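Reader: I'd like to learn how to read aromatic rings in a protein model. Can you walk me through it?

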Amino acid sequence: MKVLVFGGAGYIGSHVCKYLAKHGHEITVFDNLSTGHAEAVCWGNLVQQDILNPEAIVDCFRQHGPFDLVMHFCAKSLVGESVTSPEIYYRNNVVGTLNILDAMLATAHQRIIFSSTAAVYGNPQQSLIDERHPRLPINPYGQSKKMVEVMLLDYANAHGLDSVSLRYFNACGADPEADIGESHQPETHLIPNVLKSLVNPTNNVLKIFGDQYPTADGTCIRDYIHVNDLAQAHLLAGEFLFNHSGAFAFNLGNGSGFSVMDVVKAASQVTGREIDYQIEAPRAGDPPILVANAHQAQQQLGWKAQYTSLEAIIETAWRWHQNENF
Ligand code: UFG
């Protein structure tokens, strides 16, 4: 397959590119490198352009296409920032995606895999969230992703554009070869912050946001899913679109919840080191528990996560963070 990957220089996008290349697919990456890394584009050529430039997108389709499949990872994704600067989120995530969809129509491209998020659900109404759970986002980041899902449904009905939205729970880990990994600036995610506190303790004291939640140990529970398991799901979702027409959405998670303290303990076990931390006030907008029911992806895509233990996930992240090279 020939695949155009928007946001292929970022954390999840680069892992998907590596996975696609390993499976014999040909890749072009479109990325403005605002949060991605040129060093992470190793499995295809890079078109350094912005999704807010509609002509550049059309040019890319015309010059490097036609493509069998489009994948779209470009997004602003900091929940806190989305609350204080919603315009950035609606412009990049909604207008940027509209530009991609219109360029696809203009150049007769028909299939897209879209990076959505568990944030479209808002506050969970049940402990295991399936795809029928109401989508009531509680921040502009989640709203922007939900808006794109709505657009994809309307484009499927009006224009026959086929799509799969993949709703990630907590993406984490790194490729076991440790050539690519998670590197955000600033880093807000739990597992990288735990490991950074070990690599460089003076500048990175681990903060735990809240220990009075209604959970067994008082810290938040999340569903951690390895980035290479996400990569596998993207390829399966792409193949699915060759036999299915319409707009589809699947949760991607392990279906098991781990608390912040479980993560700290597992990281301590993997690294063989004590982890110091400070308890801080809860972070605005953090639901106590978010765990996926991912049966639909398993049944309809044939997806099966390979990394089911926290230790196995953290081990790959630890390998990366010890030699983080970009
Ligand atoms: N946490 C800490 N200390 C840190 C970082 C995080 O205690 O340094 C806690 C958070 O408060 C939360 C848990 O660890 O309870 C997980 O936090 P992350 O930032 O790693 O992940 P989130 O669950 O906040 O966010 C993820 C995705 C978002 C998506 C969201 C869906 O990264 O893109 O799930 O709710 F929006």
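**Reading the rings**

Author: Let's start with one ring: Phe 250 counts as buried because its relative accessibility is 1%; buried means under 20% relative accessible area, exposed over 50% and partly exposed in between, with a 1.4 Å probe and protein chains only. This is a predicted model, where local features need pLDDT of at least 70, side-chain atom pairs count only at pLDDT 80 or more, and totals for chains, interfaces and linings use all residues. Residues are numbered from 1 along each chain as its sequence is written, and side-chain values use heavy atoms, leaving out hydrogens and water.

Reader: How many aromatic pairs does the structure hold?

Author: A pair of aromatic rings is described by the distance of the centres and the angle of the planes. Rings of Phe, Tyr and Trp (its six-membered ring) pair if their centres lie within 6.5 Å; planes under 30 degrees apart count as stacked, over 60 as edge-to-face and the rest as tilted. Here there are seven aromatic pairs. One of them joins Phe 61 and Phe 67, edge-to-face at 6.1 Å centre to centre with 75 degrees between the planes. Both Phe 61 and Phe 67 are buried.

Reader: Why is the pair of Phe 240 and Phe 250 edge-to-face?

Author: Their planes are at 85 degrees and their centres 5.7 Å apart, so the pair gets that label. Phe 240 is buried too, at 5% relative accessible area.

Reader: Which residues form one aromatic cluster?

Author: That's Phe 6, Phe 30, Phe 61 and Phe 67.
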